Amino acid sequence: MATIETAFYVPTFLGLSTTFGISCAVSATCIIAFEICKRLDSMKCLFSPRTQLLKNAVPKQPSHLFSWITSTLYIDEKEYVKKVGLDATMHIRFLRMVVHFLTAQSIFVCPILLALHWTGASVSLDKSDLVSEFTSLAKNETSDYSAASSQPTSNLYGGFPSVQSNDTDHFRSNSTLYYLSIANIPNRNPIVWVHVAFAFTISLSWLWLLFVNHIHHIDLLQQQPPTNKLHERSVLITHVPHQLRNQTTLQQHFERAQVGEVEHVTLVSNTAIKLVETVLKKRAKAINKLESWLIQMVRIAQQKHQLLQPNQDTVWFDWLSHIKDQQMELSLKVQVEKVENVLDEIFELDKEIIRLRDENRSPEYYMPTGAAFVTFKSAHSAQVCAQIVTSWKPGVFDTRMAPEPRDVLWRSLLRRGRKSRITGTLRQWVVFAAVWSLTIFWLFPITFILGLTSIQSLSNHFSFLRYFLASSFVVRSFVQNILPTLLVTLFMSLLPWIVLGKLKISKQQDFVSYSELEDSVLGRYYHFAIFNVLIVFLLGTTFLTTMLDVLYEPTMLIQLLANALPQGANFFLNYILFNSSTHAMELIQLGSQIFGHLLLTQPIFSKTPRLRLKYTSPWSFLFYYYYPNHILVLVITLTYSVIQPLIMIFSLFYFAFALVVYRHQYLYSYIRRYETNGSRYYRRITRYTSDGLLIFQFTMVGLLYLKGVLAAATTILPLIIFTVWFKVKLNQLFQNRTKHPYIGRFHQVNTNELRRKEQELQSTNWWRHIDDIWKFSYIKAWWASGRYAQHSSNNQSTMHLATLEQHLRESTSAGQSGTNTVVAAPSNHKKSCSTVDIGDAADHKISYQEHHEELDHELLNDKITSNHSVIAVEEQGIDQYQRYYDFTTYPDDSKSYFDTYEHPALVAPLISDLILPLNPKLHYFNLKECVYLPMDTIRIIFKKQSPSIRSCPRENS
């Protein structure tokens, strides 16, 4: 990448105002476009698919302007967890943490430091050091502002303008932002002890937030009602020995270990799955051709006015019957023959699928691999099994909690033999080397491009632009203020596309779940971002030689950070301000979502309603893209919080806007692909933001050392040691507790006391919102009851506010006023009296079973393993020849569509119905005006055969 010196920009308030204006213009355009698009029925699959869920749907938004803000502003966290899950809730909670943190720092830290910096030079005893502090300022000086900012006003300041100068235009001056930074504090000035104090304040307050919200996360895990889902009771076993690769032997092995009673063992077979997948893909293509040909035939007949107006209940049966009888008159004999041939092809494929799916008829294809899923009757047994040693031999019987069935990536589990495992290991190392090589050498191809972001450079390379750039103030301002930031942002957005997108580098590794893959890409993208944006951007192509010097002399690292990082303070003000507009772009889903929707819904791609149904499937949230960007901005803010305090105000605007947008996106726009209970990504937040604090602290040590205040620099060293210890301690305390959450819940609750607490909460609502993030009530609880306060069963004053409110709801719904109620949820019970609504659970189960039986329109295709959920349907009416469904609804996204660890190719229902439009003349099909037509009916019309021959795939599916 280019350095801070080659990527020219003008660090002035005028430049910041230009950036802010462009950011606001982009945001306003995106918001207006969103307000228009969300009202279109064809766009509801992008902007409000969660209102179409068959289970646990969110209410539709009001039609007034900015309803997307008001509809999510006052939703309780418990309701948010119920609607969107803990993964989304913990991301929102992270944004809330940052907003609270930056609000406090902007109120208490920012004004004091800005005042000290602005007046720092006026009380200086030695102003000669300001010359070196403003070296980069002189390099970025432009002719437009030189008259205002480069005229010497006092020899005392080494030729640079004085703060007290009356003829300086601070709005246009290049030096104004430097007066507000720590660069304006002279060397050996004891005022830097204030910076030391604020370094402690900022570091300790963020570490406190990480700690108490870790506890809050565990509290949220404990408050989840016991669902007894399949993945909660299952473990994934890899490297199973050959002698144990059968269900009976494997089940006996675990029962002898006395871990718990085994309910079911699922072995993974390689050959059968790959063969069935191949046949299913052929069948899907044949069905797409059949639907397309039927629609074309009806259109031709309608153009020739040969079709009478049929009965609405038998419309397609009447049309196709007429076409079959009048095929010669309609010149459709060739098309009819194609339909007959494809029906024969589908019938033969059905028989082949049934043969391959029958283990007794094709035993040679069911040779198990070294992977198996073991499902216990209780979640407690699965948790114990996942945390103990199940074999004395290393590398054998590796045990872990199983991912959700919808989260499984089957590629790695289908590998057989030592050769496949060695190939997988080599592929993993190659991917690791490729990603880091891409991260390090990314700077070279774009150094030249970013080097063009100056007027002089553009004029030298493109001489015909010289006059235009010199005469246009708007273009000059864009080149100097927006272009560097824009190019950095665009190049940063390319890496996720390379690592996980079309090039699929990370997908070459053997991850057993999509959540693991996404977590890996998240880590790699963050390392790339922090490496290239925060470090390499400030060093440029000299990075490699600089790193060699650091390896030769490690003590140079602190001096390197102190010299390089402060130079980018004013650039990152622009960077954060401009990137605030990306939240509005996310609102309109600018990118592959909106452009892909507009492109793929064109008739050339969506030739049938089934294809349109596929291309309008809702998206899942891209955690691997948004988390690293948010963490990067926070790390930049922490790094420059004391160096340039203005960055905290800009970041507060960034995160406040992000909080509003992403609350809406989670609640309305995205369907969950998986659920990890928020544990995986919050651990990443803790690790990366702690590293950000260390970068900040090392930079401050080096900066204070260069300013000659050795005592102040030394004072921060204990803070560095404490931060490292705290990071390790957090990992020890919470990693296993969030990865394997405790599944027993025991609380003794006094209802009268709870009502009194509820009144106290309601009377101090503002304090409740503050304490929900900062958790000051924990201090009172720990002071009263010690470290066991959170687990006390006799002292209600030590409970979390969130737990207290949860028990309030439970005790109120139970109607047991004035009594002591024991709430317990043992892990080996399928039902619990704590928070489970039995009627709702029964209805949930019935609904899932009904849809599992009826949703046979969706074949095993890329949708089962892609970002999109399997589309569910709701029956509205049944006829002998066609059935009416609502194709715009989606299944419950809180659990897997296939509640089994059998490969989807072996259990996915076969498509037995065609999706056909009631108005074939339309090229843009309306999914609300489509019907199901059984394939048996098509066979009766064109083949004159009994529908009984189609029963075999039905029985299997």
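**Close-up views of a predicted model**

**View 1. Two buried aromatic residues, Tyr-897 and Phe-898.** At 13% relative accessibility, Tyr-897 counts as buried, because the cut-off for that class is under 20%. Phe-898 falls in the buried class too, with a relative accessible area of 9%. The model shown here and in the other views is predicted.

**View 2. A stacked pair, Phe-373 with Tyr-901.** The structure holds 40 aromatic pairs. One of them is stacked and joins Phe-373 to Tyr-901. Their ring centres are 4.2 Å apart, with 10 degrees between the planes. Phe-373 belongs to strand β3 (residues 368–376), while Tyr-901 sits in the loop between β8 (883–886) and α40 (904–907), so the pair ties together parts 528 residues apart in sequence. Both Phe-373 and Tyr-901 are buried.

**View 3. An edge-to-face pair, Tyr-897 with Phe-898.** The two residues of View 1 form this aromatic pair. The distance is 4.7 Å centre to centre, and the planes make an angle of 70 degrees. That angle counts as edge-to-face because it is over 60 degrees.

**View 4. A charge over a ring: Arg-673 and Tyr-514.** The ring belongs to Tyr-514, and the charged end of Arg-673 sits over it. The distance from the ring centre is 3.9 Å.

**View 5. Packing of helix α11 against helix α32.** Helix α11 spans residues 192–223 and helix α32 spans residues 679–706. Their axes are 11 Å apart, at an angle of about 170 degrees. Helix α11 is therefore roughly antiparallel to α32. Their contact has 15 nonpolar and 10 polar residues, but no charged ones.

Definitions and conventions:
Residues are numbered from 1 along each chain as its sequence is written. This is a predicted model: local features need pLDDT of at least 70, side-chain atom pairs count only at pLDDT 80 or more; totals for chains, interfaces and linings use all residues. Side-chain values use heavy atoms; hydrogens and water are left out. Rings of Phe, Tyr and Trp (its six-membered ring) pair if their centres lie within 6.5 Å; planes under 30 degrees apart count as stacked, over 60 as edge-to-face and the rest as tilted. Helices (H or I, at least four residues) and strands (E, at least two) are DSSP runs, numbered from the N terminus. Buried means under 20% relative accessible area, exposed over 50%, partly exposed in between (1.4 Å probe, protein chains only). A charge sits over a ring if NZ of Lys or CZ of Arg is within 6 Å of the ring centre and within 35 degrees of the ring normal. Axes are lines fitted to C-alpha atoms, for helices over the stretch in contact, and angles run from 0 to 180 degrees between N-to-C directions. Angles under 35 degrees count as roughly parallel, over 145 as roughly antiparallel, 65 to 115 as roughly perpendicular and the rest as oblique. Ala, Val, Leu, Ile, Met, Phe, Trp, Tyr, Cys and Pro count as nonpolar, Asp, Glu, Lys and Arg as charged, and the others, Gly among them, as polar.
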